[in-house]
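Student: I should like a close look at a single part of this model, taken step by step. Please describe that part in one connected account.

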Amino acid sequence: MGDGEKKFEIEKSEAQWRELLDEKTYRVTRQCGTEPPFSGKYYDHHEDGVYACVACGAELFDSTTKYESGSGWPSFYDAVDEERVATREDRSAGMVRTEILCARCGAHLGHVFRDGPPPTGLRFCVNSAALQFIPRGDG
Ligand code: FE
């Protein structure tokens with residue numbers, strides 16, 4: 001996973017992001033918000049395709065790595081490419097967690113935990129609001 005402190009390829013002001021994104025998406029991706037569990041559009045979504053960053057379109061997670069974590073958020077055991085997802089230590093809410101961000105635009109995605117299934121043992125716990133699903137084309 002990339003270094004969360006580095007500059008992002010896509011840099012916009014908070015005002016620009018606010019204009020670009022709807023309120024819920026802005027709150028999650030730019031203010032590290034969390035959607036309530038079992039509320040997002042993708043936690044119980046099982047189509048074949050790729051989940052891209054809602055803010056910049058970078059392809060982040062593949063449906064073939066999605067699994068039922070029971071958490072109420074879309075969960076993946078791997079990223080499309082480790083370079084696509086940046087990490088940063090998050091000491092908010094009285095916990096030490098590893099935040100995950102889109103490495104291209106810095107959108108907050110969720111957190112990664114070490115209680116996932118094989119082969120990685122990772123659980124990328126992602127807000128539906130940070131993702132846009134792209135069905136796999138057949139050509
Ligand atoms: Fe992005």
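Tutor: In this predicted model, the donor residues of the iron ion follow the sequence spacing C-x2-C-x45-C-x2-C. The donor atoms are the SG atoms of C53, C56, C102 and C105, which coordinate the iron ion at 2.3 to 2.4 Å. The angles subtended by these four donor atoms run from 101 to 113°. Four donors count as tetrahedral if all angles lie between 85 and 135 degrees, and the arrangement around the iron ion is therefore tetrahedral. For comparison, the ideal angle for four tetrahedral donors is 109.5 degrees. Of the donor residues, C102 and C105 are both buried.

A second site for inspection is D62, which lies in strand β3, spanning residues 59-62. Its relative accessible area is 16%; because buried means under 20%, D62 is classed as buried. The side chain of D62 takes part in a polar contact of 2.8 Å with the side chain of T64. Another polar contact, of 2.9 Å, links the side chains of D62 and R136. R136 also appears among the residues that D62 touches when those up to four places away in sequence are not counted; the others are G49, V50, F76 and V80. Finally, D62 and D78 are 16 residues apart along the chain, and their C-alpha atoms are separated by 8.2 Å.

Technical notes. Residues numbered from 1 in each chain as written. Predicted model: local features only at pLDDT ≥ 70, side-chain atom pairs only at ≥ 80, totals over all residues. Heavy atoms only, no water. Helix = DSSP H or I, 4+ residues; strand = E, 2+ residues; numbered from the N terminus. Buried < 20%, exposed > 50% of the residue type's maximum accessible area, 1.4 Å probe, protein only. Contact = heavy atoms within 4.5 Å. Polar contact = N/O pair within 3.5 Å; in protein donor to acceptor, adjacent residues only side chain to side chain. Donors = N, O, S within 2.8 Å, 3.2 Å for Na, K, Ca; no water. Tetrahedral: all angles 85-135°; square planar, octahedral: opposite > 155°, others 65-115°.
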